[in-house]
Amino acid sequence: SRYGHHLARFGVHRVHVVDQRDLRDDRRNAVRALFGFVGVDDKFWSDGFDDEPNTAASKIERPALRSETVQRLHAYLAPDAAEFRRLTGRAFAHWSL
């Protein structure tokens, strides 16, 4: 996806970015921040928020891409990923780009 393109188009003040790792590692604060962004009670919590459907055990294995394809994708997406990082002010160091 071209997250930087879309974030620039819609504006950083109109889009709330949630990193999947934040949902996994610090879910309560990630949900609180999201609720605050959309203007609902950020103190609300449901035990259902702790559920983790679609864990790694249930995912299908995908075939590996050829190295040429990976290089082309990287060249195409790297500038957009850099723009996304700049707009959000977050490093996303765990990303492969």
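The following exchange discusses selected residues and contacts of a predicted model.

Biologist: Which conventions apply to the numbering and to the predicted model?
Modeller: Residues are numbered from 1 along each chain as its sequence is written, and side-chain values use heavy atoms, with hydrogens and water left out. Because the model is predicted, local features need pLDDT of at least 70, totals for chains, interfaces and linings use all residues, and side-chain atom pairs count only at pLDDT 80 or more.

Biologist: How many salt bridges are there?
Modeller: A salt bridge is a side-chain nitrogen of Lys or Arg within 4 Å of a carboxyl oxygen of Asp or Glu. By this rule the count of salt bridges is six.

Biologist: Which residue meets Arg90 in a salt bridge, and where does that residue lie?
Modeller: The two side chains approach to 2.6 Å, N to O. The pair links distant parts of the chain, 68 residues apart, with Arg90 in the segment after H4; helices (H or I, at least four residues) are DSSP runs, numbered from the N terminus. The partner of Arg90 is Asp22, in helix H2.

Biologist: Are Arg90 and Asp22 buried or exposed, or in between?
Modeller: Buried means under 20% relative accessible area, exposed over 50%, and partly exposed in between (1.4 Å probe, protein chains only). Arg90 has 28% relative accessibility, and Asp22 has 28%. Arg90 is therefore partly exposed, and Asp22 is likewise partly exposed.

Biologist: What is the distance from Asp19 to the nearest side chain of opposite charge?
Modeller: Asp19 is placed in the loop between H1 and H2. Asp19 is buried yet has no salt bridge; for charge, Lys and Arg count as positive and Asp and Glu as negative, while His and the chain ends are not counted. The nearest side chain of opposite charge is that of Arg90, at 4.0 Å.

Biologist: Which side chain makes a polar contact with that of Asp19?
Modeller: A polar contact is a pair of N or O atoms within 3.5 Å; within protein, one must be able to donate a hydrogen and the other to accept it, and residues adjacent in sequence count only if both atoms are side-chain atoms. Leaving aside neighbours within four places in sequence, Asp19 is in contact (heavy atoms within 4.5 Å) with residues including Arg90 and Phe92. The polar contact of Asp19 spans 3.3 Å, and its partner is His94.

Biologist: What is the phi of Phe92?
Modeller: Most residues other than glycine have a negative phi. Phe92 is found in the segment after H4 and is buried, with a relative accessible area of 5%. Although Phe92 is not a glycine, its phi is positive, at about 45°.

Biologist: Which residue forms a salt bridge with Arg27?
Modeller: Arg27 lies in helix H3 and counts as buried because its relative accessibility is 15%. The salt bridge has an N to O distance of 3.4 Å, and it links Arg27 to a residue in the loop between H3 and H4, 25 residues apart. That partner is partly exposed, with a relative accessible area of 48%. The residue is Glu52.

Biologist: Which backbone oxygen lies 3.2 Å from a polar atom of the Arg27 side chain?
Modeller: Not counting residues up to four places away in sequence, Arg27 touches several residues, among them Asp22, Trp45 and Phe49. The backbone oxygen in question belongs to Asp50.

Biologist: Which residue of helix H4 forms a salt bridge with Arg86?
Modeller: Arg86 is exposed, with a relative accessible area of 56%. Its partner lies three residues apart in helix H4, about one turn of the helix, and the closest N and O atoms are 2.8 Å apart. With a relative accessible area of 27%, the partner is partly exposed. The partner is Glu83.

Biologist: What separates the C-alpha atoms of Arg86 and Gly4?
Modeller: Arg86 is found in helix H4, residues 67-88. Arg86 and Gly4 are 82 residues apart along the chain, and their C-alpha atoms are separated by 8.6 Å.

Biologist: How far apart in space are Asp47 and Ala93?
Modeller: Asp47 lies in the loop between H3 and H4 and is exposed, with a relative accessible area of 64%. Asp47 and Ala93 are 46 residues apart in sequence, and their C-alpha to C-alpha distance is 30 Å.

Notes:
Helix = DSSP H or I, 4+ residues; strand = E, 2+ residues; numbered from the N terminus.
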